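Me: Please take me through this structure, setting each term against its definition.

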Amino acid sequence: METIFFYIIALVALGSGLIVVLCKSPVNSALGLVNTFFCLAVFYVMLYAPFMAAVQIMVYAGAIMVLILFVIMLLNLGTEARKRYTHGVVWAALASLLSLVTFLVFIKKGQITGAAGDITKDVVMSVGHTELIGKTMFTEFLLPFEIASILLLVAIVGAVVLAKKEV
Amino acid sequence: MLDNYLPIFTLILIAVCFAIGSTVFSGLIGQKKPSEVKLAPYECGMPLVGTARERFSVKFYIIAMLFIVFDIEVVFMYPWAVMFKRLGMFGFVEMGVFILILLVGYIYVWKKGALEWE
């Protein structure tokens, strides 16, 4: 049952990915990207990581998608993207083909050993995914958590400096 | 595990079916008597002013950027809120420092007048 469900969602994810790449209109590509994000969220749920799924939808499908749409509106790609066909596309295709081949080779050569470490699927299911993340983040990874706030601060300053006219 | 998500999946399925269904059926059984007024893009009942594909001001972009930053701040608060009772005072101070650093950013944004719509 789960395997069938996985294949259906994988098919939808691949289809939306193709829409992103093949659509002429950037807005259609953006909508395809939203669909891909939702499919990824489903994969996170299937991997017993519901918090990641929620974050995926909140941050990627919510906030980052808004930013991408704003960039599309800002650059007014609607009419210009149709006309131009640069050689950059060829290089991008080559690069992604190369990374795909590398990825496939690693999958073929590598061994899938299953879950490692103390936090197994059963632990996650009994304690709860969000609780486990909270516990580790606020005890073990205290410093990285606080540094993350500084990173966000830098992002705020950068956004203001870049987008504000008279700083 | 996956069974718990059956209601959400059903909801998404109904939403998608409704969207596709209403589009397809209105095309199939609806009347088609197009006129120039009917085919014009609807803009709150006002007469059209120029094209919809104008370039937008960068003002919108800065609001979106700031939204992302504070959205990510909120994401960090979810696991904290879930663990709040077990972390106790230590967790409270920790989050206090986190928010304080971001508050500096908020004050900076405010002082620079980035939130003002000029």
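Me: Which residues of α3(A) are called buried, and what makes them so?

Reply: This is a predicted model, in which local features need pLDDT of at least 70, side-chain atom pairs count only at pLDDT 80 or more, and totals for chains, interfaces and linings use all residues. Residues are numbered from 1 along each chain as its sequence is written, and chains are lettered from A and ligands numbered from 1 in the order in which they are written. The buried residues of α3(A) are A53(A), V55(A), Q56(A) and A63(A). A residue is buried if 20 or more other C-beta atoms, placed from the backbone, lie within 10 Å of its own, so these four meet that cut-off. Their cover includes α2 (26–46) of chain A and α3 of chain B.

Me: How do you know that the span of α3 (residues 50–75) of chain A is close to the expected one?

Reply: The expected span is 1.5 Å times one less than the number of residues. With 26 residues, 38 Å is expected, and the helix reaches 36 Å from its first C-alpha to its last.

Me: What is the kink in α3(A), and where is it centred?

Reply: The kink is about 35 degrees and is centred on M65(A). The bend is the angle between axes fitted to the seven residues ending at a residue and the seven starting there.

Me: Which residues have the most contacts inside the largest nonpolar core?

Reply: They are I156(A), A159(A), V160(A), M65(B), L66(B) and V69(B), in a core of 20 residues. The largest share, seven residues, comes from α3(B).

Definitions and conventions. A nonpolar core is a set of buried Ala, Val, Leu, Ile, Met, Phe, Trp, Tyr and Cys residues joined through C-beta atoms within 7 Å. A residue is buried if 20 or more other C-beta atoms lie within 10 Å of its own, exposed if 12 or fewer, and partly exposed in between; C-beta atoms are placed from the backbone. Helices (H or I, at least four residues) and strands (E, at least two) are DSSP runs, numbered from the N terminus. Two residues are in contact if their C-beta atoms, placed from the backbone, lie within 7 Å.
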